[in-house]
Amino acid sequence: MVYNELRKDYLLNRWVVIATERSRRPTDFAQQKTEQTQNGVCPLCVGNEHMTPPAVMLYLKQNGEIKKDRDHEDMRPKNWLIRVIPNLYPAFSPYKYAEYREEIMKSEYFGYAIGHHEVLIESPNHNENPADAELPQLTLLVEAYVDRLRDLSAKPYVQYVSIFRNYGRDAGASLSHAHSQIIATPIVPRIPAEEVAASKKFYDQHQKCVFCDIIEKETDGPRLVLDNPHSVVFAPYASVHPLEFWVVPKKHAANMLELSKAEIEAFAETLKTSLKALKDLVNDPPYNYGFHLSINREARDYYHWHLEVYPRLSIWAGFEKNTGMYINTVKPETSAAELRKTIQA
Ligand SMILES: [Zn+2]
Ligand SMILES: [Zn+2]
Ligand SMILES: [Zn+2]
């Protein structure tokens, strides 16, 4: 009898069964492409700026330079490269009077969903998704993430800023124009909170950042996807998705606010290379990615920001929803080997 492996996440109290009995190869998940026809007008395309709320941040192309601005009263410039707008149906909305946490979180079980919910339009080109984007444009995207993080994290009622991307209808993207979302919340959500708490515990025990430790181990191991001077990309030990990978910067920092221009560009390049490998390997699958970070100054020494990428190649059903335990039919070591081969090809 050969047993499946039960693996626990580096930090979270989350278990996954690596069920390779079915011995599926990552390429078995290659997507059948159904032509997605876009009906009607895209509200995020150039020329349709009037169809959205006014932009809170714009990167404008002006005389060969980038100018940062926002939409004004009846002025909606069309020469933008990046455009950030409030979500038309926000999950979290700003409230100008609530400056303090006590006015937002009324009890242990109740609060108001005060914060921000933004859509970041990544390019004037409808289909310029990261796997295919030109590097200068992708660099602007990462810079825009950092700018929004700076702005939103400075607000007194914001405790967390979630920056994420849904790609493909099956991953929850209702608009096909290349875009990300940013949600600023008045509490730290469960997964980042658990990561921060576990990182603190590790730091107290070992006087070392747990992610710096993970980087060291994964760089030499069978789950490595990519290693360059700025980042490592690897399939995490307890991946819950086939072909899941994380991008972790080598420089220790709790969030992206201190990144230099060169580091922003290097991160954009790593992101593009990894997402391109995923696209080439399994025919452009839907995916979600999201940053994990901390804006709490106390976490500076023990927390380490990173990006997690979850390809949507399997569907979670009753067991996962019922237990919070996962079944992954592809070994992370196999996922990493396939991604590595695709990058080197
Ligand atoms: Zn569009
Ligand atoms: Zn670290
Ligand atoms: Zn994480």
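**Three zinc sites and their surroundings**

At 23% relative accessibility, Cys212 counts as partly exposed, since that value is not under the 20% that would make it buried. This comes from a predicted model, and Cys212 is a handy way into it, being one of the protein donors of the zinc ion (ligand 2). The others on that ion are Cys209, again through SG, plus His252 and His304, both through ND1, and the distances run from 2.0 to 2.3 Å. His252 also counts as partly exposed, because its relative accessibility is 29%.

The geometry at this zinc ion (ligand 2) comes out tetrahedral, with angles of 104 to 114° among the 4 donor atoms. For reference, ideal angles for four tetrahedral donors are 109.5 degrees. Along the chain, the donors of the zinc ion (ligand 2) follow the spacing C-x2-C-x39-H-x51-H. The site ties together distant parts of the chain: Cys212 belongs to helix α3, while His252 sits 40 residues away in the loop between β11 and α4.

Helix α3 itself spans residues 210-219, and its buried residues are Val210, Phe211, Asp213, Ile214, Ile215 and Glu218. So what do the buried residues of α3 pack against? Their partners are helix α2 along with strands β9, β10, β11 and β13.

The zinc ion (ligand 1) gets its protein donors from Cys42 and Cys45, through SG, and from His126 and His177, through ND1, at 2.0 to 2.3 Å. Its 4 donor atoms make angles of 105 to 117°, and the site is tetrahedral. In sequence, the spacing of these donor residues reads C-x2-C-x80-H-x50-H. Here the link between distant parts of the chain covers 135 residues, from Cys42 in the loop between β2 and β3 to His177 in the loop between β7 and β8. Are these two residues, Cys42 and His177, buried or exposed? Cys42 counts as buried because its relative accessibility is 8%, and His177 counts as buried because its value is 1%.

The zinc ion (ligand 3) has a donor set built from glutamate and histidine: Glu195 appears twice, through OE atoms, and is joined by His292 (ND1), His306 (NE2) and Glu308 (OE). These donors lie 2.0 to 2.7 Å from the ion. Their spacing along the chain is E-x96-H-x13-H-x1-E. Two of the donor residues bring together separate strands, with His292 in β12 (residues 287-292) and Glu308 in β13 (residues 306-311), 16 residues apart. Both His292 and Glu308 are buried.

Away from the metals, helix α1 takes up residues 135-153. From first C-alpha to last, its 19 residues reach 27 Å, close to the 27 Å expected at 1.5 Å a residue. This helix is mostly covered, with 15 of its 19 residues buried.

There is also an open sheet of 3 strands, ordered β1-β2-β14 and with mixed pairing. Strands β1 (5-8) and β14 (326-328) are at its edges and have a single partner strand each, so one side of each is left without a neighbour in the sheet. From one strand to the next the twist averages 30°. Strand β2 (residues 15-18) runs parallel to β14, and 3 bridges join them. Across that pair, Val17 has Ile327 as its bridge partner in β14.

Notes:
Residues numbered from 1 in each chain as written. Chains lettered and ligands numbered in written order. Predicted model: local features only at pLDDT ≥ 70, side-chain atom pairs only at ≥ 80, totals over all residues. Heavy atoms only, no water. Donors = N, O, S within 2.8 Å, 3.2 Å for Na, K, Ca; no water. Helix = DSSP H or I, 4+ residues; strand = E, 2+ residues; numbered from the N terminus. Buried < 20%, exposed > 50% of the residue type's maximum accessible area, 1.4 Å probe, protein only. Expected span 1.5 Å × (residues − 1). Contact = heavy atoms within 4.5 Å. Pairing = 2+ DSSP bridges. Axes fitted to C-alpha atoms, helices over the stretch in contact; angles between N-to-C directions. Tetrahedral: all angles 85-135°; square planar, octahedral: opposite > 155°, others 65-115°.
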